[in-house]
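Got a minute to go through this fold together? Let's ask how each label was earned.

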Amino acid sequence: MGALQLHVFYLILLPTITSQVISKQGEWKSATATYTKQADASIITEGACGYGDLHKASYGKYSAGLSTMLFNKGSTCGACFEVRCVDHILWCLQGSPSVILTATDFCPPNYGLSLDYGGWCNFPKEHFEMSEAAFVEIAEKKAEIVPVQYKRVKCERRGGMRFSMSGSAHFFQVLITNVGLDGEVVGVKVKGSKTGWLPMARNWGQNWHSNINLVGQPLSFEVTASSGRTVASYSVAPANWQFGQTFEGKQFK
């Protein structure tokens, strides 16, 4: 089973979690963190949020996979967390420096292992799987797992939100990245020149879809964040847009 298939399999099994689990901005909560080893010390592979190459998506090494408790069936994708290593004199760097991470992936549970040895992403643990490059900014590389504190913070992004088109004439899909402030997208509408505002459904992660044929129409998008704030980007894509293209719209401010 491939990595993406494994993520999707576990997402189907996730228990229902309310957004109350995730800390409010400014409130520190306790969790744990590990890191994944990759060739360039960052996480660049396709994850459960659908961002693809995370360097192209502008998240790069400051990306993280979240345990079931934090991932919240993908609705947390794009959210930003400040994370710092605490309470371990051997593994935590002096002064407890912090890093800002973006939720880009799901850390699946392994119920064959105990919560304190390998089963770090098992429900109801709160856990961050970081890139090695980000991990060594808060803890010693030789540490296997460290205690951390985390809190939700506003996402600082350069430029506008990005809308990447995919699918087909009868299954239009858009991936939304580079979302500022809340980072999380909870609702999307699309409008063509021949339609009104059409609600889109979350397919997986931050991929949203509609079964309406929108080919040949200039497209506008209305994005709603977890705070309830809404931003409309009008005529983001021209009438001759093509699947595989990415367009930049407005940004939350």
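**How the labels are earned**

An open sheet of 8 strands is laid out in the order β13-β12-β9-β10-β11-β8-β7-β14, and its pairing is antiparallel. Bear in mind that this is a predicted model.

Q: What makes β13 and β14 the edge strands?
A: Each of them pairs on one side only. β13 covers 230-237 and β14 covers 246-248.

Q: How are neighbouring strands of this open sheet turned against each other?
A: On average by 30 degrees, with direction ignored.

Q: How do you know that β10 and β11 pair?
A: Count the bridges: 3 of them join β10 (residues 197-204) to β11 (residues 207-210). Pairing takes at least two bridges, so these two strands count as paired. They run antiparallel, and W204 stands opposite N207 in β11.

Now for the other sheet.

Q: In what order do the strands of the closed barrel run?
A: There are 6 strands, and they go β1-β5-β2-β4-β3-β6 with mixed pairing. Neighbouring strands here are turned by 45 degrees against each other on average, again ignoring direction.

Q: Why is the barrel's pairing called mixed?
A: Look at β2. With β4 (residues 98-106), β2 pairs in the parallel sense over 4 bridges, and S63 has T102 as its bridge partner in β4. With β5 (residues 127-131), β2 pairs in the antiparallel sense over 3 bridges, and L66 stands opposite F128 in β5.

Q: What makes β3 and β6 a pair?
A: The bridge count is 6, in the antiparallel sense, between β3 (residues 80-85) and β6 (residues 146-153). The cut-off is at least two bridges, so β3 and β6 pass as a pair. F81 has R152 as its bridge partner in β6.

Q: Which way do the residues of β2 point, and are they buried or exposed?
A: In β2 (residues 63-66), S63 and G65 point one way, while A64 and L66 point the other way. All are buried.

Q: Why is C107 called buried?
A: C107 has a relative accessibility of 7%. Buried means under 20%, so C107 counts as buried. Its place is in the loop between β4 and β5.

Q: What is C107 in contact with, leaving aside its neighbours within four places in sequence?
A: The list is G65, L66, S67, T68, C121 and E129. Contact here means heavy atoms within 4.5 Å.

Q: How far apart are C107 and W120?
A: In sequence they are 13 residues apart, and in space 8.9 Å apart, C-alpha to C-alpha.

How values were computed: Residues are numbered from 1 along each chain as its sequence is written. This is a predicted model: local features need pLDDT of at least 70, side-chain atom pairs count only at pLDDT 80 or more; totals for chains, interfaces and linings use all residues. Side-chain values use heavy atoms; hydrogens and water are left out. Axes are lines fitted to C-alpha atoms, for helices over the stretch in contact, and angles run from 0 to 180 degrees between N-to-C directions. Buried means under 20% relative accessible area, exposed over 50%, partly exposed in between (1.4 Å probe, protein chains only).
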